[in-house]
Amino acid sequence: MVRILLPSLRPMLPLLDLHGVRRLDFHTSVLEELRERLIAEINKLGAKEGRERDKILDKLLKESFPVVRVRALRPIVMCILRNTPHIDDKYLRVLVRDRELYSDTDTEVKRQIWRDNQSLFGDEVSPLLSQYIREKEHILFDHLNLNNLFFTPSPKIRRQGEVVQKLANMIGNNVKLYDMVLQFLRTLFLRTRNVHYCTLRAELLMALHDLEVQDIISVDPCHKFTWCLDACIREKNVDIKRSRELQGFLDNIKRGQEQVLHLINNEGLPRENTILILLLRMLALGLSAWVMIDSQEFKEPKLDSQVVTKFLPALMSLMVDDQ
């Protein structure tokens, strides 16, 4: 038990006894109040910038970390860690080795752990990826639901989903963690050929776009392409300006660069759109993505002319007959 041995408080203790307040309850309440005030001050310090702030935080961490296993004081240590931009590896190693401490560690601190521990990060991400696939397939193949909601939500609503938001929060603005997630998605796509991993890659990128994480979206070569395609899907229209932008992305695909392969996603685009050839090229690219990544031959596949000369006219005839 923590005791507060201040001379000014001693005369008050008998009064508390008369009111039936136990000494333990008194000391605990004071400890909690002091802890919350200290955490508030640490957060104020963390909001500042400069070497002086870092110096003070490092000193506080050095002096407080020995009590990190004391439950009552742990929130203070965790608050210092959360506000420390660059944590020394010796502290991170202690957190990783102790399961309880690791569980209580904030995401901001875990990012610094995951950055150099891909297997641990993979253990955290893997259940989320599995959850995403289960949810997508449940909605897509739910034969009991006559109002299938797979294609109904807009792209912006879809990327507000739990899994996408959790992944975005785990990544923060860390480019290395983002690259790890893309590597996981690429590996799983190659292993399973499940196109939902490609959709997740696009939704995650646009979720980071919504959060204005410039450190990541500025270096992802797929960002402008995804942003443009997202706007087309949202507006259910491909105007001349955007069609030229999309055309440019497709024309710039070079051998050895997979870049946009994971991002071809035409959900929501109306079939009667006038810029048909462009959409067919993107569709063909998406359908060939697995083969291209597996073979490492990144070249846009040639569009089968019979799709335009035979299949589409036949399809239009069927549509007219159904009117």
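User: What separates Arg 234 and Asp 230 in helix 14?
Analyst: In this predicted model, local features need pLDDT of at least 70, side-chain atom pairs count only at pLDDT 80 or more, and totals for chains, interfaces and linings use all residues. Residues are numbered from 1 along each chain as its sequence is written, and side-chain values use heavy atoms, with hydrogens and water left out. Helix 14 covers residues 223–235 (helices are DSSP runs of H or I, at least four residues, numbered from the N terminus). Arg 234 and Asp 230 are four residues apart there, so the separation is about one helical turn.

User: Which residues are joined with Asp 230 and Arg 234 into one network by salt bridges that share partners?
Analyst: Asp 230 is buried at 8% relative accessible area, while Arg 234 is partly exposed at 45% (buried means under 20%, exposed over 50%, partly exposed in between, with a 1.4 Å probe and protein chains only). Their side chains meet in a salt bridge of 3.2 Å, N to O (a side-chain nitrogen of Lys or Arg within 4 Å of a carboxyl oxygen of Asp or Glu). The network also holds Arg 159, Asp 210, Glu 235, Asp 239 and Arg 242.

User: Is Arg 53, the salt-bridge partner of Asp 54, buried or exposed?
Analyst: The side chains of Asp 54 and Arg 53 meet at 2.7 Å, N to O. Asp 54 is partly exposed, with a relative accessible area of 28%. Arg 53 has 13% relative accessibility and therefore counts as buried.

User: How many salt bridges does the structure hold?
Analyst: One of them links Asp 116 and Arg 115, with the closest N and O atoms 3.9 Å apart. The structure's total is 21.

Note on methods: Helix = DSSP H or I, 4+ residues; strand = E, 2+ residues; numbered from the N terminus.
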